[in-house]
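Trainee: I have a structure open and would like to learn how to read it. Please take me through a few features.

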Amino acid sequence: MKSIMQKKDGRCYLCMLLHGDDGIKTIQEHHVIYGTANRKLSERYGLKVYLCLYHHEEGPEAVHKNAALSQMLKAKAQRAFGERFPDKQWMSIFGKNYDTSGNGNGQETSGRQQDPQSGFIMLGMDSEI
């Protein structure tokens with residue numbers, strides 16, 4: 001499936017997002033949710049972006065070396081999935097919540113924070129029980 005996150009036009013997703021650079025570059029396809037089974041799911045649902053070598057594998061902002069940028073892309077992929085496939089449940093397909101903002105797949109947490117490791121919802125000091 002084509003990417004639901006970016007049109008393939010020779011531009012690097014992260015160059016544009018991080019640096020406002022929309023120049024044409026040699027790009028590589030990056031499956032945002034990667035790993036053996038997840039790569040196939042990324043392909044199936046179009047969860048991929050196009051990255052220059054610097055942002056894919058080589059530089060300090062490369063998603064295969066920079067956990068924070070990889071996490072950010074995964075959260076963006078989860079939100080894109082929720083918008084494109086509102087009838088499907090992210091957690092039942094991918095099994096991990098990357099979007100702690102509460103905007104992924106319409107799963108609102110009403111101002112509460114969910115710990116993605118434990119699955120618990122953390123109540124803030126201003127939350128009512």
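Mentor: We will go through confidence, then one helix, then two single residues. This is a predicted model, in which local features need pLDDT of at least 70, side-chain atom pairs count only at pLDDT 80 or more, and totals for chains, interfaces and linings use all residues. Residues are numbered from 1 along each chain as its sequence is written, and side-chain values use heavy atoms, with hydrogens and water left out.

Trainee: What average pLDDT does the protein chain have?

Mentor: pLDDT is the predictor's confidence in each residue, from 0 to 100. The average for the protein chain is 84, and 78% of the residues score at least 70.

Trainee: Which element has the lowest mean pLDDT, and which the highest?

Mentor: Helices (H or I, at least four residues) and strands (E, at least two) are DSSP runs, numbered from the N terminus. Strand 4 (residues 121-122) has the lowest mean, 42, and strand 2 the highest, 97. Over residues 106-129 pLDDT stays under 50. Where pLDDT is low, the predicted coordinates should not be read in detail.

Trainee: How many Å should helix 4 span?

Mentor: The expected span of a helix is 1.5 Å times one less than its number of residues. Helix 4 (residues 67-84) has 18 residues, so it should span 26 Å; its end C-alpha atoms are 25 Å apart, which agrees. At its start, a side-chain oxygen of Asn66 comes within 3.2 Å of the backbone nitrogen of Ala68.

Trainee: Which residues of helix 4 are buried?

Mentor: Buried means under 20% relative accessible area, exposed over 50%, partly exposed in between (1.4 Å probe, protein chains only). The buried residues of helix 4 include Leu69, Leu73, Ala77 and Phe81. Those buried residues pack against several elements, among them helix 1 (13-19) and helix 2 (36-45).

Trainee: Is His31 buried or exposed?

Mentor: His31, in strand 1 (residues 27-31), has a relative accessible area of 5%, so it is buried. Contact means heavy atoms within 4.5 Å. Leaving aside neighbours within four places in sequence, His31 is in contact with Arg39, Ser42, Glu43, Leu47 and Lys48.

Trainee: With which side chain does the side chain of His31 make a polar contact?

Mentor: A polar contact is a pair of N or O atoms within 3.5 Å; within protein, one must be able to donate a hydrogen and the other to accept it, and residues adjacent in sequence count only if both atoms are side-chain atoms. For His31 the partner is the side chain of Glu43, at 2.7 Å.

Trainee: What does the side chain of Ser3 reach at 3.0 Å?

Mentor: The side chain of Ser3 reaches the backbone nitrogen of Met5.
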